[in-house]
Amino acid sequence: MMPSAPPSEPATAGDDDDMESLPLATASDYASVASTFDPLLSSTSATAASPRSPPTRAAAFTLSPTFSSSFVDPPSYADATGAGAGSSSPRSASSPSSASPRSTRLAASEYSLLAVSDPETEAEPAAISLVPGSAPTYVSYLVTSVHRRDPDQRRHSVRRRFRDFVTLADRLAEAFRGQFVPPRPDKNTVESQVMQRDEFVAQRRAALERYLWRLAEHPAIGSSDELRVFLQAEGKMPLPGSTDMASRMLDGAARLPRQLIAGEDAVAAPQEVVQPARGGRDLLRIFKELKQSVVTDWAGVKPPLVEEDREFLEKKDKLQEWEHQLTSASQQAEALVKAQQDMAETMGALGLAFVRLTKFETEEAMYDSQRIRAADSRRVATAAVKASRACRDLNAQTVKYLDTLHEHLSIMLSVHTAFSDRASALLTVQTLMSDVASLQSRIEKLEAASLKIFDGDRARTRKVEELRETIRATEDAKFCALREYERIKENNRSELQRLDSERKQDFLVMLKGFVASQAAYAEKIVDGWETVAEETSGYVRARGSDSITS
C-alpha cells in the first residue's frame with residue numbers, strides 16, 4: 001500500500017522493506033565517501049592499480065535543492081490555477097472562478113439542504129408469508145430538507161421508500177411535459193441481486209440524493225408543489241400512487257367494448273387528451289393514434305398538421321450528433337481515468353521495487369560506489385512514490401472535472417423524453433383533426449343520401465345531429481390537445497435555451513479546470529524528476545571525467 005506521507009526518518013537495521021524506511025539521500029551520504037578511493041569509480045579494474053587519484057565526489061557533485069514540499073501535496077485547485085497566495089505563476093491570470101456554475105445554480109435553488117440518509121429495513125404492510133421470518137421487506141430512507149424561503153429554517157424529515165421516488169418521477173413527468181425533467185435512478189434489480197446489500201443500499205442512497213438535488217436545481221421543478229409535498233408531508237406518501245401497466249391495460253380492456261359499441265362517435269375527454277395515450281387506459285385512442293402514425297409514416301399521407309418549426313428540427317438534429325460526440329468523449333474520459341490509475345499503481349510499484357533494491361545494495365555493498373548508487377536509488381524510489389501519489393491526486397481532479405461529460409450525457413435522456421412528449425402531443429392533435437374530417441365526411445354523405453328521398457329520412461337526420469354533437473365534443477378535445485401541444489413546444493424552446501447556456505458555462509469550467517490540473521501535475525512531475533537528476537548527476541559527471549582521463 002502506498003504511504004500517505006513522504007518518508008522522513010533514517011533507516012535502521014530493524015526496518016521492514018517498506019518505502020517509509022528509506023528517506024531521500026542527503027549531501028552527507030556523498031561527503032562520507034568523497035575522499036575514499038573506490039576502484040569502481042576508476043576506468044581500470046581493481047586488480048590493476050592506477051597511479052592516478054580519482055576525482056573526489058565532493059568536487060564533482062553540486063548540491064541541488066531538495067524536493068519542494070509542494071510536490072508532495074495534492075495539486076489543489078488553487079495550485080492548479082495559480083490562484084494561491086503569493087503565487088507568481090503566469091497561469092494565475094487565466095484562473096477560472098472558484099465557484100462552479102452548478103454550485104451557483106444550486107445556491108439559487110429553493111432548498112438549502114437536501115439529504116438522503118439512515119436507510120432502514122422495514123416489513124411490507126399487511127404482508128403474509130407462509131415461511132416464518134421471510135416476510136417481504138423494503139428499505140426506507142430519511143429525507144431531510146430545509147426550504148430556503150422558510151423564515152424559521154425548519155428541517156423537514158420524512159421517511160420515503162424507492163417506490164415513493166418512482167411516484168414522484170411519474171407525477172413530475174405528467175406535470176412538466178416538454179421540460180427536461182431529470183431522470184430518476186433506475187431500479188437496478190439485477191445489481192441488487194449481485195452486489196452486497198449494504199453496498200447496493202449505499203449506492204442507491206447516494207443516487208437518490210443526487211436526484212433530489214437535480215430536481216431542486218431545475219428552475220420550474222425546484223419550486224413545484226409536487227416536490228414540496230414529497231419533501232415535507234409527513235407520514236404516507238401523499239401523492240397518488242402510480243398504477244402499473246398491467247392494471248392500466250385491464251382498465252382499458254374493460255372500457256373497450258363500450259367504446260366499440262359507440263363506434264367512431266366515442267370521443268376522448270378533454271382532460272384525457274392532454275396526457276399521452278400510451279398510458280394504456282384508452283385502448284381505442286391508442287389504436288386510432290397508431291393508425292394515424294401508420295398512415296403518415298408508411299402510406300405517405302400528409303397529416304393535417306405537421307411540425308413546421310425548422311429551428312427546432314435543426315436543433316434536434318444537432319443534439320443527436322452532439323450526443324454521439326458526447327458519448328465518444330465520455331468513453332475516452334473513462335479510458336483516461338483508467339490509464340492514469342494504472343500509471344499511479346505502476347509508478348508506486350516501481351518505487352517499491354527500487355526501495356527493495358536500495359536496501360539490498362546497502363546491506364550487500366562491498367564498495368563505496370555501491371553505497372552511492374544505493375543513495376541515488378533511494379532518491380529515485382522516493383520520487384517514484386511521490387509521483388504515484390501525485391498521479392492519484394491528478395486522477396481525482398480528472399474525475400471531478402470530466403464528470404461534466406457524464407452529467408450532460410444523462411441530461412440527454414431527459415431531452416429525448418421531452419421531444420417524445422412533443423411528438424406524442426402532435427400525434428394526438430393530428431388524430432383528432434382526422435377524426436373531425438372523417439365525421440364531417442360522414443355527415444356530407446348522409447345529407448346527400450337524404451336529399452334523394454322525398455320528405456327526407458328522419459333516421460339519417462337524427463344520425464346527422466348526433467354526428468354534429470360528436471364533432472363539437474371532438475373540436476373541444478382538439479382545442480385542449482392543441483393548447484397542450486403549444487405549451488410543450490414553449491417548454492421545449494425555453495429548456496433548449498437553458499441547456500445551451502448551462503452547457504457553455506459547465507464546459508468552460510470543465511476545460512479550464514482539466515487543463516490547469518494537467519499542467520500543474522506536469523510541472524510538479526518535471527520539477528521532482530529534475531531535482532533527482534541534479535542530485536544524482538555528480539556520479540554521472542565523475543564517471544564521464546574518469547573516462548576522459550583514461
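Here's a quick tour of this protein model, from confidence to helix, core and salt bridges. It's a predicted model, where local features need pLDDT of at least 70, side-chain atom pairs count only at pLDDT 80 or more, and totals for chains, interfaces and linings use all residues. Residues are numbered from 1 along each chain as its sequence is written, and side-chain values use heavy atoms, with hydrogens and water left out.

**Confidence**
- The protein chain has a mean pLDDT (the predictor's confidence in each residue, from 0 to 100) of 74, with 64% of residues at 70 or more.
- Over residues 1-98 the pLDDT is below 50.
- Where pLDDT is low, don't read the predicted coordinates in detail.

**Helix H14**
- Helices here are DSSP runs of H or I, at least four residues, and strands are runs of E, at least two, numbered from the N terminus.
- H14 covers residues 368-451, and its end C-alpha atoms are 124 Å apart, in agreement with the expected 124 Å (1.5 Å times one less than its number of residues).

**Nonpolar core**
- The largest nonpolar core (buried Ala, Val, Leu, Ile, Met, Phe, Trp, Tyr and Cys residues joined through side-chain atoms within 4.5 Å) has 26 residues, including Leu168 and Leu212.
- Helices H6 and H8 are among the elements that each supply at least two of its residues.

**Salt bridges**
- There are 30 salt bridges (a side-chain nitrogen of Lys or Arg within 4 Å of a carboxyl oxygen of Asp or Glu).
- One of them joins Glu307 and Arg422, with the closest N and O atoms 3.0 Å apart.
- Glu307 sits in the loop between H12 and H13 and Arg422 in H14, so this pair ties together parts 115 residues apart in sequence.
- Arg422 is buried, at 3% relative accessible area (buried means under 20%, exposed over 50%, partly exposed in between, with a 1.4 Å probe and protein chains only).

Terms used:
Contact = heavy atoms within 4.5 Å.
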